[in-house]
Amino acid sequence: MSKFSPYNLTLGQIEESLGKLCTIKLKNNEKDLKGYLYNIDPVTLTIFLLQIENDFNKNELPSRYKILVVMNYAISEFKVNNEENGISRHILDNVVNQRIEDFKNESEKMQQRKKDLILLFESNRIQITYTNDDPVVHILDRAHISPPYVISSIECNNEIILQRVKEMMVQLPI
């Protein structure tokens with residue numbers, strides 16, 4: 001197992017480590033993170049890991065997975081397991097591309113997320129306006145939520161309304 005300081009990686013080391021099983025020890029002493037290395041941003045040194053939730057065939061797309069983004073300032077140690085075979089770059093790219101498709105406005109998941117968002121506000125009797133043609137959901141004519149319908153996609157100039165909308169959106173599953 002190779003240890004790297006996230007600050008001393010060369011582009012060659014990053015390229016050789018892609019798809020390999022990695023362990024990240026966090027500075028706050030929380031549980032170690034393990035996953036297959038998807039990429040490391042060479043500028044910010046942010047690490048992208050693919051975590052797979054069940055046994056799988058390394059030649060097929062996993063059915064259940066998470067993509068973790070770990071900022072470099074949170075990392076105390078980064079290890080790459082070179083002894084074990086990793087996942088092919090093709091499989092890694094397919095997983096990420098599949099995930100990207102889910103976030104397109106016309107995707108089934110994005111349409112469902114919009115419906116869930118509308119239901120959340122309507123069930124709380126909050127005044128909203130929306131149309132099937134417009135991807136933006138308008139709340140109280142003050143806040144506007146665009147796809148992918150996450151907290152960072154809220155536009156609002158009123159801090160009180162913004163905070164309340166954020167608090168409600170936390171209830172939505174990702």
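## Exercises on cores, strands and a surface patch

Leaving aside its neighbours within four places in sequence, Ile145 touches Leu117, Phe121, Pro135, Val136, Val137, Ile139, Ser153, Ile154, Val165 and Met169, where contact means heavy atoms within 4.5 Å. The model is predicted, with local features needing pLDDT of at least 70 and side-chain atom pairs counting only at pLDDT 80 or more, while totals for chains, interfaces and linings use all residues. Residues are numbered from 1 along each chain as its sequence is written, and side-chain values use heavy atoms, with hydrogens and water left out.

**Exercise 1.** Determine whether Ile154 is buried or exposed, and list its contacts beyond four places in sequence.

*Solution.* Begin with the location: Ile154 belongs to strand 10, residues 154-156 (strands are DSSP runs of E of at least two residues, helices are runs of H or I of at least four, and both are numbered from the N terminus). Next, its relative accessible area is 11%, so Ile154 is buried (buried means under 20%, exposed over 50%, partly exposed in between, with a 1.4 Å probe and protein chains only). Finally, beyond four places in sequence, Ile154 is in contact with His144, Ile145, Leu162, Val165, Lys166 and Met169.

**Exercise 2.** Find which elements give two or more residues to the largest nonpolar core.

*Solution.* A nonpolar core is a set of buried Ala, Val, Leu, Ile, Met, Phe, Trp, Tyr and Cys residues joined through side-chain atoms within 4.5 Å. The largest has 19 residues, and those with the most contacts inside it include Ile145 and Ile154. The elements that contribute two or more residues to this core are helix 3 (108-123), strand 8 (137-139), strand 9 (143-145), strand 10 and helix 4 (159-169). Another core, of 16 residues, lies apart from it and has Ile24, Leu26, Leu45 and Val80 among its members.

**Exercise 3.** Establish how strand 2 pairs with strand 3 and with strand 6.

*Solution.* Two strands pair if DSSP finds at least two bridges between them. Strand 2 (residues 21-26) and strand 3 (residues 33-40) are antiparallel over 4 bridges, and Leu21 has Tyr36 in strand 3 as its bridge partner. These two strands form a hairpin with 6 residues between them, and Asn29 in the turn has a positive phi of about 65°. Strand 2 also runs antiparallel to strand 6 (residues 75-81), to which 6 bridges join it; here the bridge partner of Cys22 is Val80.

**Exercise 4.** Classify Ile67 by its accessibility.

*Solution.* Ile67 is found in strand 5 (residues 65-70), and because its relative accessibility is 34%, Ile67 counts as partly exposed.
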